[in-house]
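Please open the structure in a viewer and keep the selection panel at hand. The tour proceeds from one selection to the next.

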Amino acid sequence: MYEGVVQDLIDELGRLPGVGPKSAQRIAFHILQADPVDVRRLVDVLREVKERVRFCSVCGNVAEEDQCRICRDGRRDHTVICVVEESKDVVAIEKTREFRGRYHVLGGAISPIEGIGPDNLRIKELMVRLADSDVTEVILATDPNLEGEATATYLARMLKPLGLRVTRLASGLPVGGDLEYADEVTLGRAFEGRRSFDH
Amino acid sequence: MGLYRDEAVVLRTHKLGEADRIVTLLTREHGQVRAVAKGVRRTMSKFGARLEPAMHVDLQLHTGRSLDIITQAETLHSYGDVLSGDYSKWTMANAVLETAERFTALVEEPALQQFLLVVGALRTLAESAYDPAMVLDAFLIRSLAVGGYAPSFDACSRCGAPGPHKWFSLAGGGSVCGECRPPATATPASETLTLLGNLMEGDWESAVASEARHQREAHGIVAAYLSWHLEHGLRSLPLVERT
Ligand SMILES: [Zn+2]
Ligand SMILES: [Zn+2]
């Protein structure tokens with residue numbers, strides 16, 4: 001235990017995701033020894049991000065205005081929505097430049113054991129959004145783990161009666177790996193999602 | 001202990017740092033174990049889907065200072081993969097895993113019976129052998145029994161007078177006779193008590209012949225009994241989707 005405000009800083013840092021007590025201590029002492037100008041910049045950006053950034057009223061992505069940059073962009077395809085768990089997934093998909101539609105950010109995955117059910121995510125908002133729209137396809141791009149899979153299973157069941165095309169991102173073998181190291185689930189999915197080889 | 005090998009079911013996972021996970025396991029020989037799976041969140045990880053919830057795996061672990069480290073994992077049964085493709089069953093599997101976690105919270109104390117119950121419940125859910133909701137209830141009652149809270153569905157839980165009795169008391173440990181009956185008692189249908197007894201003993205032939213209303217009543221009693229004995233209720237239980 002350290003005195004007063006130093007310990008407060010360690011405690012606050014320790015509440016951040018992925019920061020254990022040891023890392024919290026290391027970051028705290030880094031801050032204590034840093035140039036005041038650098039620390040001021042960090043403080044300013046922290047304040048600014050909380051004041052300026054909010055969540056897009058349409059898709060739930062982070063936004064600096066009422067709607068995010070993607071929802072405001074008239075050139076994006078209005079007929080396709082890609083459903084993801086978090087804003088950082090939007091960034092990852094945008095980097096591929098493969099997708100020209102719009103997004104819907106759920107805010108996580110369904111996880112009954114953590115007490116997170118469908119009502120805790122932005123699923124109702126998705127259904128409202130789809131109710132009167134020209135969307136013809138919904139791509140389910142939740143994480144390729146079992147919680148993401150269960151969330152996609154739930155969404156697919158909700159979306160089926162709407163008569164839309166519902167697709168799931170193909171999961172398969174990571175590029176750059178050896179086949180023999182793939183686990184049974186990954187290899188099984190890769191077989192399911194195989195595509196014709198027509199060059 | 002150094003390096004050791006054990007069979008396990010993955011109960012729960014937590015993100016750790018950039019790419020690791022803390023995996024809570026129920027092992028066959030070492031009870032509940034919390035271990036680190038390094039790099040498991042990278043898509044190139046050698047573990048792939050093997051350390052996801054409800055997977056039944058053969059593991060090699062290395063004893064660590066606070067948490068053990070998983071060094072190898074092989075799949076025995078991909079129950080989690082099957083169950084995540086059926087939302088309703090997935091919610092039930094979550095309740096199974098959370099219950100097992102709570103009943104084996106004393107880390108590394110062997111819990112073979114609880115382990116066998118979990119594997120059995122996941123297998124039965126995955127194979128769709130019986131009505132999933134009844135599979136869950138049977139698992140919950142038997143977990144209570146293994147945990148030392150076996151309710152009585154026949155003889156009086158206080159004086160042992162042979163049943164069946166009309167009254168059922170959560171605090172009193174199940175069926176109670178007219179003499180022993182404490183103030184707050186329920187009066188479930190006798191068919192419901194018979195069903196609960198069948199589920200506890202694994203008499204599926206009789207259990208599947210029961211009526212839906214008695215199954216519903218039985219579920220209510222199991223859920224109430226469980227939350228009576230666990231300090232705080234299960235998070236997953238209210239989210240279970242009974243079809
Ligand atoms: Zn938006
Ligand atoms: Zn009695």
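The stops below begin with a whole chain and then turn to individual helices.

The model is a predicted one.

**First stop: chain A.** Select chain A, which holds eight helices and six strands. Followed from the N terminus, its elements run α-α-α-β-β-α-β-α-β-α-β-α-β-α. The C-alpha atoms fill a box of roughly 65 × 45 × 40 Å along the principal axes. The radius of gyration of chain A is 21 Å, whereas a compact globule of 199 residues would have one near 16 Å. Of the residues in this chain, 25% count as buried.

**Second stop: helix α7 of chain A.** Select residues 146-159 of chain A, the 14 residues of helix α7. From first C-alpha to last, this helix reaches 20 Å, close to the 20 Å expected. Ten of the 14 residues are buried, so α7(A) is largely enclosed by the rest of the structure. Among the buried residues are L146(A), E149(A), T153(A) and Y154(A). To see what covers them, add β3 (80-84), β5 (137-140) and β6 (165-168) of chain A, then α1 (79-83) and α2 (87-103) of chain B; the cover includes these elements.

**Third stop: α2 and α3 of chain B.** Keep α2(B) and add helix α3, residues 112-127 of chain B. How far apart are the axes of these two helices? The axes lie 10 Å apart, at an angle of about 180°. The two helices are therefore roughly antiparallel. Show the side chains of the contact: residues including M92(B), V96(B) and F103(B) in α2(B) meet residues including V118(B), L122(B) and L125(B) in α3(B). The residues of this contact comprise nine nonpolar, one polar and one charged.

Conventions: Residues are numbered from 1 along each chain as its sequence is written. Chains are lettered from A and ligands numbered from 1 in the order in which they are written. This is a predicted model: local features need pLDDT of at least 70, side-chain atom pairs count only at pLDDT 80 or more; totals for chains, interfaces and linings use all residues. Helices (H or I, at least four residues) and strands (E, at least two) are DSSP runs, numbered from the N terminus. The expected span of a helix is 1.5 Å times one less than its number of residues. A residue is buried if 20 or more other C-beta atoms lie within 10 Å of its own, exposed if 12 or fewer, and partly exposed in between; C-beta atoms are placed from the backbone. Two residues are in contact if their C-beta atoms, placed from the backbone, lie within 7 Å. Axes are lines fitted to C-alpha atoms, for helices over the stretch in contact, and angles run from 0 to 180 degrees between N-to-C directions. Angles under 35 degrees count as roughly parallel, over 145 as roughly antiparallel, 65 to 115 as roughly perpendicular and the rest as oblique. Ala, Val, Leu, Ile, Met, Phe, Trp, Tyr, Cys and Pro count as nonpolar, Asp, Glu, Lys and Arg as charged, and the others, Gly among them, as polar. The radius of gyration is taken over C-alpha atoms; the globule rule is 2.2 Å times the number of residues to the power 0.38.
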